[in-house]
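Thanks for coming. I will go through one model today, from the whole chain down to a few single residues. Please have the sequence and the coordinates open.

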Amino acid sequence: MKKTGSSDPIDSALESIAQSLEILSGRHRAAVLELGKADAYLWDAAGGRLQEVVRVNRIDLGLLKGIDEVADQLVRNTLQFALGHGANNALLWGARGTGKSSLIKAVHAHVSGRRERGKKRLVLVEVNREEIETLPRLLKGVAALEARVLIFCDDLTFDQGEATYRSLKTILDGGLEGRPGNALLYATSNRRHLMPREMIENERSTAINPSEAAEDKISLSDRFGLWLGFHPCDQPTYLEMVASYARHFGIDMPAAELRAGAIEWSATRGARSGRVAIQFIRQIAGERGQSVELD
């Protein structure tokens, strides 16, 4: 009868499966992460590495209109972090298309370009929503880096039946090990509490202790020390955005014609926001044979 040893194909397959499960569960040792010359990266959870982003799709901070107050708060928080001072994880929540993710990328570029004594290299690392459970591995990896790392997760939401939010709560609090001092989490969401209201209400109606069950979910957003709310803009602010983009991209068009076109465009979209404004600018630029390229 053939002996089963470590070279047996079945044993090798089982060992490979076990290693894969360890990686997926976050128990596998952290990968040794390296930074290149870029200042922005994508987290490749499967490969356990950082992928350089050579050209970041972002808008200059000065072009973002109607969000001056929240922009100032995020700039201050980010600069404090880059200087090694106290700073908070930030949750940017609110209506779609209002500039949440654009602001994070713009603030990162703005702070990175500032000359401040004692400021360390600031890199932006984007994590996909589907890979949020791999954050512990990423945090362990970035802890060894000399740079300050802004971890960015866009459109962070949790739906009915998901339990991932519990692990995120531990990550935000730092758990027993504590969050690395050189890492900070910035997230955007259309939901203030990161999950739909019906999900919270369902817990209230079915749990033995309704208030405690609802608080368990609501408390997730409380782990973010900085809450920044984004709301639909009024028409004057929207038109200011359109005019600002037109000047920036060199679109020569009579003010009255630009204004009328922008109003009609927003009416067909059923919304007024920075996203709608830049989409309108792309349209009229294309009609004139011009391109609209963001930095």
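**Overall picture**

In the protein chain, 76% of the contacts between residues at least 6 apart in sequence join residues at least 24 apart. I should say at once that this is a predicted model. The protein chain has ten helices and seven strands. Of its 295 residues, 43% are buried.

I start with helix α2, residues 68-82. How far does α2 reach from its first C-alpha to its last? The answer is 21 Å for 15 residues, which is close to the 21 Å expected at 1.5 Å a residue.

Which residues of α2 are buried? They are V70, A71, L74, V75, N77, T78, L79, F81 and A82. As a reminder, an α-helix has 3.6 residues a turn, so residues three or four places apart point the same way. The cover over the buried residues of α2 includes strands β3 (90-94), β4 (122-126), β5, β6 (183-189) and β7 (226-230), together with helix α3 (100-113). Just after α2 comes G84, with a positive phi of about 85°.

That brings me to another backbone angle. Most residues other than glycine have a negative phi, and most peptide bonds are trans. D155 is not a glycine, yet its phi is positive, at about 55°. Where does D155 sit? D155 is in the loop between β5 (148-153) and α5 (164-173). Its relative accessibility is 41%, so D155 counts as partly exposed. If you are following on screen, β5 is the strand that leads into this loop, and β5 is also among the elements covering the buried residues of α2.

Now the helix packing around α8. Two packed helices are described by the angle between their axes and the distance between the axes.

Take α8 with α10 to begin with. Helix α8 covers residues 235-248 and helix α10 covers residues 274-287; their axes come within 9 Å and cross at roughly 40°. That angle makes α8 oblique to α10. The crossing of α8 past α10 is right-handed. On the α8 side the contact uses Y238, M241, V242, Y245 and A246, and on the α10 side G274, V276, A277, I278, F280 and I281. Sorted by class, the contact of α8 with α10 has ten nonpolar residues, one polar residue and no charged residues.

Next, α8 with helix α9, residues 255-269. Here the axes are 10 Å apart and the angle is about 120°. The two helices, α8 and α9, are therefore oblique to each other. Again, α8 passes α9 in a right-handed crossing. From α8 the contact takes in Q235, Y238, L239, V242, A243 and A246, and from α9 it takes in L258, R259, A262, I263, W265 and S266. By class, the contact of α8 with α9 has nine nonpolar, two polar and one charged residues.

Y238, V242 and A246 appear in the α8 list for α10, and they appear in the α8 list for α9 too.

One residue to finish: I263, in helix α9. Is I263 buried or partly exposed? I263 has a relative accessible area of 25%, so it is partly exposed. Leaving out residues up to four places away in sequence, I263 touches Q235, Y238 and L239. From I263 to V242 the separation is 21 residues in sequence and 9.9 Å in space, C-alpha to C-alpha.

That is the end of the tour; I can go back to any part of it.

Methods
Residues numbered from 1 in each chain as written. Predicted model: local features only at pLDDT ≥ 70, side-chain atom pairs only at ≥ 80, totals over all residues. Heavy atoms only, no water. Axes fitted to C-alpha atoms, helices over the stretch in contact; angles between N-to-C directions. Helix = DSSP H or I, 4+ residues; strand = E, 2+ residues; numbered from the N terminus. Parallel < 35°, antiparallel > 145°, perpendicular 65-115°, else oblique. Left-handed = near helix turned anticlockwise from the far one by under 90°. Contact = heavy atoms within 4.5 Å. Nonpolar A, V, L, I, M, F, W, Y, C, P; charged D, E, K, R; others polar. Buried < 20%, exposed > 50% of the residue type's maximum accessible area, 1.4 Å probe, protein only. Expected span 1.5 Å × (residues − 1).
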